[in-house]
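Welcome, and please open your viewer. This tour suggests what to select at each stop and tells you what you will find there.

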Amino acid sequence: MTEAREHFTIKEIHEDAEAASRTIGAFDEIAKTAEEVSKAKYDLYVVTGAGTSLHAGIAASYAFYGLLGLPFIPFHAVELVHTASNVLKGRRSLLIAISQSGESSDTLRAVRKAKEYGAEVLGVTNFPESSLARESRYKLITRAGEEKAVLATKTYVAQLTVLYGFCVALAQRMGADVGGLLNEIKNAGDLVQGALKSEEEVKRLAKYVRPFADAYVLGSDVTYPTALEAALKLKEGCLIHSEAFPAPEFRHGPISLVDSSSLILALYPPRERKEAHQALHKVIVETHEAGATVIAIAEDGDDAPKECSDFILRVPTITPLFASLVYVVPCQLLTYYVAI
């Protein structure tokens with residue numbers, strides 16, 4: 001029997017894993033789309049969206065770089081409208097456009113502008129009858145179910161799942177050995193469910209976060225897209241001013257603002273990404289020494305945050321290219337419990 005929950009937001013966060021499982025359960029359809037795209041032999045891939053959907057595209061770009069080595073450029077939909085001619089003209093381009101509803105006006109404007117310059121469109125949406133789906137040559141349909149809360153949670157996880165699944169399927173079509181990755185992404189629901197185990201610790205620390213008026217969310221490499229999403233959630237859900245940075249970039253000015261009134265949310269990359277992990281850790285040590293309160297999110301078994309963190313939230317170990325799937329879950333939970 002499903003536990004009754006007070007708000008749609010927490011109910012839907014608890015549906016993250018189910019949304020991922022349902023979405024990847026249609027892997028045969030995802031693979032068919034990958035086959036069609038691979039036959040077309042595009043020489044440029046551009047991904048676009050707005051807000052949370054754009055963050056899903058940025059997260060997917062790391063998998064595309066890592067598995068395919070293809071030119072894959074994330075663009076804000078509102079900016080692509082102005083730059084489409086320079087980016088797309090004269091190239092065989094595929095625009096991957098992401099919109100949960102399929103009706104985002106900014107994304108649809110970008111799609112129509114891109115088509116003017118000859119780009120084909122792959123639409124990623126939760127609604128197969130939406131305007132985006134109708135505008136698209138190819139489709140990736142998420143299966144998150146209805147999302148009633150203003151904050152996008154389970155739909156974001158479903159977007160990540162379908163994009164990662166598509167990337168693995170495309171790599172397979174191009175001759176890469178992706179057996180282990182394929183098994184892992186097909187078990188995305190279990191990985192996400194594992195990340196939900198951080199909930200009790202999030203509840204405990206939320207009361208310490210609420211007084212902060214400013215937060216900095218720092219990621220590095222594969223955790224940077226999640227930093228963008230976490231900062232958006234803190235703004236939208238908790239009304240906390242928050243900004244996301246790649247950790248080394250934070251040293252170029254913003255770190256001078258850090259003092260005892262600052263909250264740092266530190267997203268430690270998986271230890272397998274050794275250089276990125278070390279780069280973030282050095283910056284977090286500096287922020288802690290400056291008096292900031294630090295909440296670290298790190299994979300199981302990573303002891304580095306113990307040196308410089310006030311609280312640590314754990315996520316399951318995962319292939320780094322898929323990191324956003326699990327790192328975003330404690331960020332969603334933190335947003336909810338701080339907000340209430």
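Start by selecting helix 4, which lies across strand 1, strand 2 and strand 3 and runs at about 170° to strand 2. Keep in mind as you look around that this is a predicted model.

**Stop 1: around helix 4**

Helix 4 covers residues 52-68, and together with strand 1 and strand 2 it makes a right-handed β-α-β unit. Now add the two strands to your selection. Strand 1 (residues 44-49) and strand 2 (residues 72-76) pair in the parallel sense, with five bridges between them. To see one such pairing, pick Val47 and look across to strand 2, where Pro74 stands opposite.

**Stop 2: the sheet that holds strand 1**

Next, widen the view to the whole sheet. In what order do the five strands of this open sheet come? The order is 2-1-3-4-5, and the pairing is parallel. Strand 2 and strand 5 (138-141) stand at the edges with a single partner strand each, so one side of each has no neighbour in the sheet. From one strand to the next, the twist averages 20°.

Return to strand 1 and look at its pairing with strand 3 (residues 93-98): this is parallel too, over five bridges. Select Thr48 and you will find Ala97 of strand 3 opposite.

Now bring in helix 3. This helix lies across strand 1, strand 3, strand 4 (120-125) and strand 5, and runs at about 150° to strand 5.

**Stop 3: a loop residue after helix 3**

Follow the chain from helix 3 (27-40) towards strand 1, and stop in the loop between them at Lys41. Lys41 has a positive phi of about 55°, although it is not a glycine. Is Lys41 buried or exposed? Its relative accessibility is 66%, so Lys41 counts as exposed, the cut-off for that being over 50%.

**Stop 4: the nonpolar cores**

In soluble globular proteins, nonpolar side chains tend to be buried together. To explore this here, select Ile96 and Phe166, which touch the most other members of the largest nonpolar core, a set of 91 residues. Helix 8 (residues 154-173) supplies the largest share of this core, with 12 residues.

Stay on Phe166 and show what surrounds it. Leaving out residues up to four places away in sequence, Phe166 touches Ile30, Thr33, Ala34, Val37, Phe64, Ile96, Leu122 and Leu140. There is also a second, separate core of 18 residues; among them are Leu218, Phe245, Val283 and Ala296.

**Stop 5: the other sheet**

Move on to another open sheet of five strands, with the order 7-6-8-9-10 and parallel pairing. Strand 7 and strand 10 (311-315) are at its edges; each has a single partner strand, so one side of each is left without a neighbour in the sheet. On average, and with direction ignored, neighbouring strands here are turned by 20° against each other.

Select strand 6 (residues 214-219) and strand 8 (residues 263-267): they run parallel and are joined by four bridges. Leu218 has Ala266 in strand 8 as its bridge partner.

Now show the helices on this sheet. Helix 11 (residues 199-209) packs on the sheet and touches strand 8, strand 9 (293-299) and strand 10, with its direction at about 145° to that of strand 10. Helix 12 lies across strand 6, strand 7 and strand 8, and runs at about 175° to strand 7.

**Stop 6: a loop residue after helix 12**

Select Leu239, in the loop between helix 12 (224-238) and strand 7 (241-246). Leu239 is not a glycine, yet it has a positive phi of about 60°. With a relative accessibility of 74%, Leu239 counts as exposed.

**Stop 7: Thr335**

The last selection is Thr335, in helix 15 (residues 324-339). Thr335 has a relative accessible area of 1%, so it is buried. Which backbone oxygen does the side chain of Thr335 reach? That of Cys331, at 3.0 Å.

Show the surroundings as well: apart from neighbours within four places in sequence, Thr335 is in contact with Leu151, Lys233, Leu234, Gly237 and Cys238. Finish with Thr335 and Cys238, whose C-alpha atoms are separated by 6.3 Å although the residues are 97 residues apart along the chain.

Note on methods. Residues numbered from 1 in each chain as written. Predicted model: local features only at pLDDT ≥ 70, side-chain atom pairs only at ≥ 80, totals over all residues. Heavy atoms only, no water. Core = buried A, V, L, I, M, F, W, Y, C linked by side-chain atoms within 4.5 Å. Buried < 20%, exposed > 50% of the residue type's maximum accessible area, 1.4 Å probe, protein only. Contact = heavy atoms within 4.5 Å. Pairing = 2+ DSSP bridges. Right-handed = clockwise from strand over helix to strand, strands pointing away. Polar contact = N/O pair within 3.5 Å; in protein donor to acceptor, adjacent residues only side chain to side chain. Axes fitted to C-alpha atoms, helices over the stretch in contact; angles between N-to-C directions.
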